[in-house]
Amino acid sequence: MELRVWKSSKSPSDWAAYIQISPQNCPSAIEHEDHNLDSNRNYQCRNLDSKNPSFQVYLCVKARHCGDGFFRIQRQHSSIENYREAVSLRNAEERVNSSNHNDRRGVEDPHPTVVVPQTSGSRQTSSETVELSCEAMLAKSVSENTQTEEELRYHFGPDSFHLKLYGPQKYGVTVSRYVGDCTYELAFRLHNPGEYHVNLWHTYTNYDHINEMVDQWPPLLLQPILQNHRIKICSGCKGISIPQRSTTFGALSNSRSDLNHEPSEILPLCSRSDPTDGIYLPALPNTSFTSKPNNYTFTPFRCRYDQTFGPRDDISCLSLGYGKKLTIVFIGDSHTRVAFEGVSRRIRGDTTPFAETPKWEEHEETYGRIVLRYILDPFLRVRIRDPALFNDADAVVFQVGQWPAASTLRGGHWSLEMYEKHVSNVLEQMAIRNPMMRDASHGPLKLIWQGLTSFPYRTDQTIIDLKDWRTNERLWLFEQKATRAIDRIRQRIDYTLARIDSFSLTLPMNDVTPDLSHYFGTDALDAIVTEILHKLDVCGS
């Protein structure tokens, strides 16, 4: 689509007036229409100063809804040699002029520039020397499966990017919309007005992020396009406040007056079966589930949680006298283990700092009438086949994907086709065969797909030597395949099968993983644990 570009002759104040529109067009947590990037009628764009000479970048905002917009990134078709020299020159100029840009009055930048580690030795990528043309990259095959090839080319172009916005809301985007000719659009929807810091990186090129035909670590570039670029969103609008916590069964009591400045009305419960839509807002007192100094709190909109079990909540429904014993099985890899420990800590009221969990192969804990059991099965191939696994279980939390996407040294590098078939087989087995072998006194088995967490951007030698295939684009594709398999089995079988979107919950937070892999002790794990507890509904509706 042809962009309506804001002319450089117009002043910055004119641009500010354009995006600071009337309150009736302010973002709302109730109104959540889909992006329509096929038409540029409602968008106004301006060219931004790209730090990467290979790309031109535009910021486009929507006149009708000032929190909606996208970044359009266009690859420059002229070949750029001496890439490092060009970037070094740009950085040198910025250092010389840094005093002219420092208008912070001595206030420390709350969002410092990310220092990107470089690949070592001979592991430099082609984009650091001479770049391939767009035409050459588009001619490259990425899968041996014809259907997969078409699907990948529909979703992705040769380049990939990562967008982070910090400020009144924390937001992350990694899957761009490919519009052809090495041009991409990363859409955003910000619900909380104010000033944002924008960081945008070029992460992969030449289809390295999704290529199924290369058995090696996909070289990560992480070259900055925008660094701590400031934008003001909806400055004339009222900000969103985080609801205060209730004390009734751990309820987070959202009301429309809290989220949308409308007459107070209690929202409906969030779905027990589908992922909860929400945003990360700056944390306020009494919004954290632990003693950690969290920065953001996941807040659902258009719905509310009723069973989160924070440290100040009434948890009497977990006691032995409240109801029957419930056994909840967590089975999967280390990310499932971290979720297991997060749920255990939440219901135990443990607010001590959350360090790395012990690497159990099997572990069980009991609190009141709740029995939590963890079982290691990273590919869901071994223990998942044990009929006795579900005999006394009331619910199973499970996922698979990190190991299949990781290293061939550990059995990974699965194609999309192989992954989808495996997830479909696992779902068939869990939903049909195992329940028939259960003790009838336990009733229907509740299944909860935990979902795949996003992967932090790493260039350490360990990940390179393992030829780790994990990219966020590949994990996103895996999650799409799992979702499709879940939808298919839901249509065929009347069975309780819930889904959590851990990828979306962790993507904004993949810069704060304590061990460059897991999310223990982070705001993202708080969100995942809350979703699991809400789907479990251990206190009954």
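Strands, as the term is used here, are DSSP runs of at least two residues, numbered from the N terminus. In this predicted model, cysteine 45 lies within such a run, strand E1, which covers residues 43–48. With a relative accessible area of 2%, cysteine 45 counts as buried, because that term applies to values under 20%. Valine 57 follows 12 residues further along the chain, and the C-alpha atoms of cysteine 45 and valine 57 are separated by 9.9 Å.

For the chain as a whole, the secondary structure amounts to 13 helices and 17 strands. Of the 541 residues, 56% are buried, and the chain exposes about 22,800 Å², of which carbon and sulfur atoms supply 50%. When contacts between residues at least 6 apart in sequence are considered, 74% of them join residues that are at least 24 apart.

An open sheet of six strands, with mixed pairing, is arranged in the order E13-E14-E12-E15-E16-E17. Its edges are formed by strand E13 (362–367) and strand E17 (497–499), each of which has a single partner strand, so that one side of each is left without a neighbour in the sheet. From one strand to the next, the twist averages 15°. At the E13 edge, six bridges join E13 to strand E14 (residues 370–376) in an antiparallel arrangement, and within this pairing glutamate 362 stands opposite isoleucine 375 of E14.

Two helices that lie across strands of this sheet were examined further. Helix H11 (residues 472–492) lies across strand E16 (446–449) and E17, and runs at about 155° to E17. Helix H13 (residues 523–536) lies across strand E12 (326–332), strand E15 (395–398), E16 and E17, and its direction makes an angle of about 160° with that of E16. The 14 residues of H13 should span 20 Å at 1.5 Å a residue, and the end C-alpha atoms of H13 are indeed 20 Å apart, in agreement with that expectation. H13 is mostly covered, in that 14 of its 14 residues are buried. Just after H13, aspartate 537 adopts a positive phi of about 55°.

In soluble globular proteins, nonpolar side chains tend to be buried together. The largest nonpolar core of the model has 51 residues, and those with the most contacts inside it are Ile331, Val396, Phe398, Tyr419, Leu427 and Met430. Two or more residues are given to this core by each of strand E8 (194–204), E12, E15, helix H9 (416–433), E16, helix H10 (461–465) and H11. The greatest contribution comes from H11, with eight residues. Another core, of 42 residues, lies apart from the largest one and has Leu318, Val397, Leu533 and Leu536 among its members.

Strand E8, one of the elements contributing to the largest core, is itself largely enclosed by the rest of the structure, since 10 of its 11 residues are buried. E8 pairs with strand E4 (residues 160–166) in the antiparallel sense over seven bridges, and in this pairing asparagine 199 of E8 is the bridge partner of lysine 164. Eight bridges also join E8 to strand E9 (residues 223–233), again with the two strands running antiparallel, and here the bridge partner of tyrosine 196 is isoleucine 231 in E9.

Note on methods: Residues are numbered from 1 along each chain as its sequence is written. This is a predicted model: local features need pLDDT of at least 70, side-chain atom pairs count only at pLDDT 80 or more; totals for chains, interfaces and linings use all residues. Side-chain values use heavy atoms; hydrogens and water are left out. Helices (H or I, at least four residues) and strands (E, at least two) are DSSP runs, numbered from the N terminus. Buried means under 20% relative accessible area, exposed over 50%, partly exposed in between (1.4 Å probe, protein chains only). Contact means heavy atoms within 4.5 Å. Accessible areas come from the Shrake-Rupley method with a 1.4 Å probe; for residues, only the protein chains shown count as cover. Two strands pair if DSSP finds at least two bridges between them. Axes are lines fitted to C-alpha atoms, for helices over the stretch in contact, and angles run from 0 to 180 degrees between N-to-C directions. The expected span of a helix is 1.5 Å times one less than its number of residues. A nonpolar core is a set of buried Ala, Val, Leu, Ile, Met, Phe, Trp, Tyr and Cys residues joined through side-chain atoms within 4.5 Å.
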